[in-house]
Amino acid sequence: MKNILFAASEGVPFIKTGGLADVVGSLPKCIDKKYYDVRVVIPKYTCIKQELRDKMEFKQSFYMDFHWRNVYVGILEAKVDGITYYFIDNEGYFNGMKPYCDDPLWEIEKYAFFCKALLSALPLIGFKPDLIHCHDWQTGLIPVYLHERFAGSDFYQNVKTVMTIHNLKFQGKWGVKDVKEITGLSDYYFAPDKLEAYKDANLLKGGIVYADAITTVSSTYAEEIKTMFYGEGLDGLLNARAGDLRGIVNGIDYEDFNPETDKKIAVKYNAINFRKEKVKNKLKLQEELGLEKDAGTMMIGIVSRLTDQKGLDLIAYIMDELCSSDKVQIVVLGTGEERYENMFRHFNWKYNDKVSANIYYSDDLSHKIYAACDAFLMPSLFEPCGLSQLMALRYGTVPIVRETGGLKDTVAPYNEYESTGTGFSFTNYNAHEMLRTIRYAEHIYYDKKREWNKIIDRGMAADFSWYTSAEKYQEMYMWLIG
Ligand code: GLC
């Protein structure tokens with residue numbers, strides 16, 4: 001039996017701002033318990049809901065040298081669904097209404113603390129990992145610290161590391177001088193072949209340089225990030241480490257996302273009876289959101305962080321054209337950049353019976369949208385994996401996506417001559433190419449309903465549970481630690 005520790009800045013059910021939390025919450029459950037004991041460590045944010053904090057049990061505490069001070073580190077533990085979670089506590093660092101804030105320097109200090117604290121805590125909690133699986137820039141210093149100050153101690157000898165990139169856009173960058181002060185790392189580490197990138201210190205780069213293996217969350221994204229367009233300045237390094245880089249597509253939790261048992265949706269259905277039952281969810285949602293009640297109108301869903309990554313400028317560009325001439329309804333759920341929040345509020349006001357903008361996040365409403373909509377729009381500029389299109393497929397909601405990253409790997413474009421495909425897709429980042437694709441989908445929906453339903457048949461039959469992907473992670477673990 002080998003031990004694996006997942007280190008991340010968020011994880012379901014405790015704290016979630018994006019897909020990373022879903023992965024950290026669901027993947028460990030799917031790794032074979034016969035061979036691997038997988039546990040998870042995340043910060044103990046004060047914004048974690050009280051009912052979840054009540055599950056945590058205090059284990060240990062100590063003081064640690066960090067950033068010229070002696071700081072408190074508390075360790076708590078909780079068990080959910082058979083998985084042990086550890087929490088690193090320090091209210092000075094992990095306070096606030098949200099896990100992240102807008103001050104990059106503070107974020108770097110916070111997560112540098114997290115990395116050093118969790119490594120220092122390991123001997124005290126009685127769990128010696130053979131491998132630490134790090135997720136995103138917030139944990140990038142773990143492989144670096146293991147190589148540096150922890151390398152001298154027996155306990156940390158031979159601990160392997162994996163760095164998983166969920167989104168290369170976020171790297172944890174700041175001026176070398178400050179980062180040197182905070183991390184306590186010597187000049188040696190701030191060279192261009194180590195943590196330094198374009199004169200800044202870069203924590204994700206540190207993780208990529210020092211990890212034993214690197215993964216990202218789809219095969220296409222693994223290729224894309226080796227190019228200049230998607231490489232976010234690290235394409236050179238990723239090419240250099242290409243031999244250790246692999247793409248493993250994410251899965252979703254097939255128990256949480258199951259239209260046959262989902263308590264959050266109005267009417268349950270499955271791959272056999274969706275033709276009759278699914279539409280009842282649409283009627284219910286139209287009523288709930290104040291849209292015109294009509295079973296026959298094609299409803300398009302968008303559940304997304306409202307950021308540049310998600311291709312929302314393409315949507316802004318064609319919304320008037322789409323809403324003024326097409327028979328569609330658009331339902332939006334999510335928060336993010338103010339200009340996109342306001343853009344959807346504006347169209348909600350302008351096309352009140354056609355557009356429903358819900359500018360907040362609600363897990364319940366997201367399930368209702370997956371169940372109610374006919375199509376799901378995701379025209380991302382880049383998309384490491386994307387989970388929403390997988391949820392849409394599971395709920396018989398046909399994805400309309402741009403062919404990038406995980407979207408390209410998980411949505412097979414409809415081919416009317418061969419009667420294949422699970423969704424609709426377009427290649428170029430171009431608003432009218434997207435509109436043409438939406439209109440092609442409308443044509444199949446309105447004029448060839450039998451074909452449309454066969455697309456749903458194929459989408460609901462596709463398997464994006466964790467089963468296959470978890471095996472691929474296990475193969476990698478096996479290769480690294482046996
Ligand atoms: C990030 C990516 C998204 C991916 C998720 C989980 O949020 O933007 O594409 O699905 O991480 O890996």
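How far is an oxygen atom of the ligand from an N or O atom in the side chain of arginine 305? In this predicted model, in which local features need pLDDT of at least 70, side-chain atom pairs count only at pLDDT 80 or more, and totals for chains, interfaces and linings use all residues, that distance is 3.5 Å. Residues are numbered from 1 along each chain as its sequence is written, and side-chain values use heavy atoms, with hydrogens and water left out.

The ligand is surrounded by 14 residues (those with a heavy atom within 4 Å of it), and the closest are His166, Asn250, Glu383, Cys385 and Gly386. Besides the contact with arginine 305, a ligand oxygen lies 2.8 Å from a side-chain N or O atom of asparagine 250, and a ligand oxygen is placed 3.1 Å from a side-chain N or O atom of glutamine 309; a polar contact is taken here as a pair of N or O atoms within 3.5 Å, where within protein one must be able to donate a hydrogen and the other to accept it, and residues adjacent in sequence count only if both atoms are side-chain atoms.

The structure also holds 2 cavities of 30 Å³ or more, a cavity being a set of points on a 1 Å grid over the protein atoms alone where a 1.4 Å probe fits but cannot get out, with lining residues having an atom within 4 Å of a point. The largest cavity has a volume of about 60 Å³, volume being the space filled by probe spheres set on the points, which are joined across faces, edges and corners. Among the residues that line the largest cavity are Ile302, Lys310, Phe376 and Pro379, and β16 gives the most to this lining, with 3 residues. The lining of the largest cavity divides into 8 nonpolar, 2 polar and 1 charged residues, where Ala, Val, Leu, Ile, Met, Phe, Trp, Tyr, Cys and Pro count as nonpolar, Asp, Glu, Lys and Arg as charged, and the others, Gly among them, as polar.

The second largest cavity, with about 50 Å³ of space, is lined by Leu5, Val41, Ile75, Tyr86, Ile88, Leu118, Ala121, Leu122 and Ile125. Its lining comprises 9 nonpolar residues, with no polar and no charged ones, and α3 gives the most to it, with 4 residues; helices (H or I, at least four residues) and strands (E, at least two) are DSSP runs, numbered from the N terminus.

Key:
1 Å grid on protein atoms, 1.4 Å probe; cavity = no way out; pocket = protein on both sides within 12 Å on 5 of 7 lines; lining within 4 Å.
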